[in-house]
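Let's walk through how this fold packs together on the inside. Have a look at the model first, then read on.

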Amino acid sequence: MGRLVGFYPGSFDPLTNGHLDVIERACKLVDTLVVAVGINAGKKTPLFAHDDRLAILDQVLGPVGKRTDTEFKIVDFSGLMVTAAREHGARLIIRGLRDTTDYNYEMQMVGMNAQMAPDLQTVFLPSSPPVRHISATLVRQIAEMGGDISAFVPQIVLKALKSK
């Protein structure tokens, strides 16, 4: 039997402890996790450049992969997420849920994706209570205003932010 591949898309701007929570738990479900950084030209100025986000993910996920015996592929994508998931051999799309707002949005997305790609299944992983409140958007706003984001992101994100 082949290895089960999951696809976890996001902007990861910045990578948060909430993202890591979902990634850690996804490792229990799949053999390979494709962490896909979306390229969205219409989005406001990012906190981190696209290549910086890829590098941060690579540094953070190396030790996670060794500890969990999970293979990681860090990729970028533009266009339809289901197309990118298929291109990387994924059978599962991994999505994190923090609250009912996320749930309502994600359920719409699942319906649309199911029509376009019935061969892909979406798995929702509810955020663990200690990180449920963390939103990359809010973390980005706090960082842009000079606030302390150390409770919300891995140490490497703080280092990268200081070196900007």
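Contact here means heavy atoms within 4.5 Å. With that in hand, start at Leu61: skipping its neighbours within four places in sequence, Leu61 is in contact with Leu20, Ile23, Val35, Phe72 and Ile74. Keep in mind that this is a predicted model, where local features need pLDDT of at least 70, side-chain atom pairs count only at pLDDT 80 or more, and totals for chains, interfaces and linings use all residues. Numbering runs from 1 along each chain as its sequence is written, and side-chain values use heavy atoms, with hydrogens and water left out.

Now zoom out to the largest nonpolar core, a set of buried (under 20% relative accessible area, 1.4 Å probe, protein chains only) Ala, Val, Leu, Ile, Met, Phe, Trp, Tyr and Cys residues joined through side-chain atoms within 4.5 Å. Of its 34 residues, Leu15, Ile23, Leu33, Leu61, Phe72 and Ile94 touch the most other members. Two or more residues each come from helix H1 (17-26), strand S2 (32-38), H2, strand S4 (92-97), helix H5 (136-144) and H6; H2 gives the largest share, 6 residues. Apart from this core lies another, of 14 residues, including Ala36, Val75, Phe77 and Leu120.

What about H2 and H6 themselves? Helix H2 (residues 50-68) packs on helix H6 (residues 155-162) at an angle of about 150 degrees, with the axes 10 Å apart. The two are therefore roughly antiparallel (angles over 145 degrees count as such). Ile56, Gln59 and Val60 of H2 meet Ile156, Val157 and Ala160 of H6.

Methods: Axes fitted to C-alpha atoms, helices over the stretch in contact; angles between N-to-C directions. Helix = DSSP H or I, 4+ residues; strand = E, 2+ residues; numbered from the N terminus. Parallel < 35°, antiparallel > 145°, perpendicular 65-115°, else oblique. Buried < 20%, exposed > 50% of the residue type's maximum accessible area, 1.4 Å probe, protein only.
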